[in-house]
Amino acid sequence: MTGRLRMRVVVRETGFYLGVLVVIAIALFPFYWILRTSLESDGQVAAGVGGKNGLLPSHLTLSSYVNDFTQQHFLTPLVNSIVVALATTFVTIIVATLAGYALARLNIRGAGAILGFVLLAGFFPVLAMIGPLFLLLKDLGMLNSIYPLIVIYLVYTLPISTWLLRNFFAQIPRELEEAALVDGATRLQALVKVVAPVAVPGVFTAAILSFILAWNDFAFAVSFLETPSHFTAPLSIVTFGQSQFQVFYNRIDAAVVIISVPIAALVLILQRRIVSGLTAGSFR
Amino acid sequence: MATVSLEGVSKTYPNGVRAVSGLDLEIADGEFMVLVGPSGCGKTTALRMVAGLEEISEGTIRVGDRVVNELSPRERDVAMVFQNYALYPHMTVAENIGFALRLAKMPKGEVRSKVEEAAAILGLTEHLDRKPSQLSGGQRQRVAMGRAIVREPAVFLMDEPLSNLDAKLRVQMRTEIARIQRRVNVATIYVTHDQTEAMTMGDRVAVLSAGTLQQCDVPQSLYDRPANLFVAAFIGSPAMNLYEGILSDGADSVRLGEQCLSLPPGLTSLEAWRGSPVVVGVRPENLHDAAGQGEPAPGRALEGDVELVEALGSERLVHFRLEASRLHGVGVAGGAGSERDAADLGRGELGAAAASVGVARVEPTSSIRGGERARFAVDVERLHLFDPSSGQAIGRH
Ligand SMILES: Nc1ncnc2c1ncn2[C@@H]1O[C@H](COP(=O)(O)OP(=O)(O)OP(=O)(O)O)[C@@H](O)[C@H]1O
Ligand SMILES: [Mg+2]
């Protein structure tokens, strides 16, 4: 009896993990293909476009990575992207935390309407923004600079982050900060010393979302940036493989791997912080 | 070290709920005041107003001789144990307890010694480095306590700190809290809906119903001389038996159905109720098995049909039925008669207590059995009489 039960459990578990494996394989395959191609030489790519080289690479080389940095000057766009993404994330977190807290806690009249309006701004179509913004930046003489991009990205990161953090703060029981107030904290101290640390998972989530949005943007960057030294990474990649006779996918893919690494690392490092049960043990 | 006084304090929430109305309360320095009442009667609201977490709609709250109405919590010098503990989840036990001291910029060494002292009192010394999530319920409760006692505030506020502990731990913590309070000797308001806690811990007990103060007195007086039906029904376990009776024309006896109980001499101002209905209250412990004591004098006995006997070891609870008319529709809330919630709440509770069923608490040796008719000797000196329309106690000496 118990033997048969065990069998059933084993079969069910095996099935479950097989299913998971299939999903993961499908999800990761494109990335594997990018990685594989990035490790091929120019000659291999020329010979076997379209996977004629087989599922496994026959000969591994880092030549396209080296090429990206030596010939294509990928470092500058990479630094540009890092500056823009970090600045966007930093400003987003500060502003969205304060705004989210205010919307969740202070008895602001029309808080719901404000929140709805803020969220609406985040849904404004990118393409509708590009034209007017182009004219605006041109008149201000700010085309071909990465700094206006920070402000533009905030238009999209702030609404979603404010909304996310507001919901996070709303979930944290009031008593937690009230306890801090009774213990002698000011409102700001209660926010900084008690509420924010408890809301850390929400703050990290907002940070990841903002960083990714700024890091991945192509549409705004391609519209407003003109010279390669001012390009952000995604924009500069497009120029890489260009040659008169063929596209060097290995160089493009090497750059794609490079810009994917920070995101993957960020998510992997921070996801351990994004565990649920944030107030575990705080209440009975 | 200070007294706390509430004068005509009321709270109306923005949604129109009047949670507390016209509360007058005076807590002496070092006094342990228990605020007791059924769920939703406004206990937490009252406490939060004292703490400064809830705006005061009307009235004045003083700590010492300072009016604190407009002061923020940090300016009031109160410590509070929350109904649900509200421990800081990201801090260790030591950090939780020491948080207020660190905010007050106390030197580190001093904070450590104070925290250790508090932890020792509460038996938390081994757990100082743990996070709240790694503690048991009772330990969390003690951390919440510790956060309050390190501070030596002017006032302690405790909101049902024991309500979620198991029965044994609750009894243990009850004495512990009382001991700690004696030791730090600070004016304390302790909220509970458990009347055993109220009776055993309080120097005085304030009974609240639907936001209105019903009575505030030392526990024994509350028990011996309840001011109205609500207090009578709320204090005491099992609850007081309440029947509708008719006062005799001479105001010297009261009729319950076919039976008659004589009233002790010396009851005053009963004139208005001669020949009219009154509510008669008799506590279960004032009913005895008549079989053991010889024939009781006429007018000092009640007969009833026994439905069930619960043997508790030290005593027996006899559930019986009288032919007296059932009490219903009494405005228990007294002054707060205009509040529909209040009246409904009171009625619901009395409805249960005041059916024609009753409970007697008799000796464990009693041979009363279910299904029989039994005769009880009544301590008529300890009968309680109430005006059925207002619910107020009458004929008190
Ligand atoms: N923030 C609020 N807004 C509106 N009404 C409220 C609010 N807080 C409490 N109330 C209402 O006020 C009344 C009293 O609530 P309170 O929390 O003071 O009761 P309590 O005596 O502490 O009850 P319990 O024993 O269940 O804790 C209740 O009717 C409740 O619904
Ligand atoms: Mg409460």
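Hi everyone, this is a short walk through a predicted model with a chain A and a chain B.

Let's start where the chains meet. How many residues does each chain bring to the contact? Chain B gives 30 residues, and chain A gives 23 residues. In general, people often express the size of an interface as the accessible area lost when the parts come together. Here, the area buried between chain B and chain A comes to about 2,300 Å², and carbon and sulfur atoms give 61% of that. If you want somewhere to look on the chain B side, try B:Arg74, B:Pro89 and B:Leu103: they supply 24% of the area that chain B buries against chain A, more than any other three residues.

There are charges to look at here too. The rule finds 2 salt bridges across the interface of chain B and chain A. As for salt bridges in this model, here is a pair to find on your screen: the side chains of A:Glu178 and B:Arg48 meet in one, at 2.7 Å from N to O.

Now let's move into chain B and look at a pair of helices. Helix H3 covers residues 93-103 and helix H4 covers residues 108-122; their axes come within 9 Å and cross at roughly 130°. Because of that angle, H3(B) counts as oblique to H4(B). The crossing of H3(B) past H4(B) is right-handed. On the H3(B) side, the contact is made by B:Ala94, B:Ile97, B:Gly98, B:Leu101 and B:Arg102, while H4(B) offers B:Val111, B:Lys114, B:Val115 and B:Ala118. Sorted by type, that contact has 6 nonpolar residues, 1 polar and 2 charged.

Look next at the loop between H3 and H4 of chain B, where you'll find B:Lys105. This lysine has a positive phi of about 65°, although it is not a glycine.

Another backbone detail in chain B involves a proline. Is the peptide bond from B:Ser237 to B:Pro238 cis or trans? The bond is cis, with omega near -5°. B:Pro238 sits in the loop between helix H9 (229-234) and strand E11 (241-247) of chain B.

Last stop, chain A. Helix H12 (residues 233-240) packs with helix H13 (residues 249-271) at an angle of about 165°, their axes 8 Å apart. That angle is why H12(A) is described as roughly antiparallel to H13(A). The crossing of H12(A) past H13(A) is right-handed. A:Ala233, A:Ile237 and A:Phe240 from H12(A) meet A:Arg251, A:Ile252, A:Ala255, A:Val256 and A:Ile259 from H13(A). By type, this contact has 7 nonpolar residues, no polar and 1 charged.

Thanks for listening!

Definitions and conventions: Residues numbered from 1 in each chain as written. Chains lettered and ligands numbered in written order. Predicted model: local features only at pLDDT ≥ 70, side-chain atom pairs only at ≥ 80, totals over all residues. Heavy atoms only, no water. Axes fitted to C-alpha atoms, helices over the stretch in contact; angles between N-to-C directions. Helix = DSSP H or I, 4+ residues; strand = E, 2+ residues; numbered from the N terminus. Parallel < 35°, antiparallel > 145°, perpendicular 65-115°, else oblique. Left-handed = near helix turned anticlockwise from the far one by under 90°. Contact = heavy atoms within 4.5 Å. Nonpolar A, V, L, I, M, F, W, Y, C, P; charged D, E, K, R; others polar. Buried area = accessible area lost by both parts, 1.4 Å probe. Salt bridge = Lys/Arg side-chain N within 4 Å of Asp/Glu carboxyl O.
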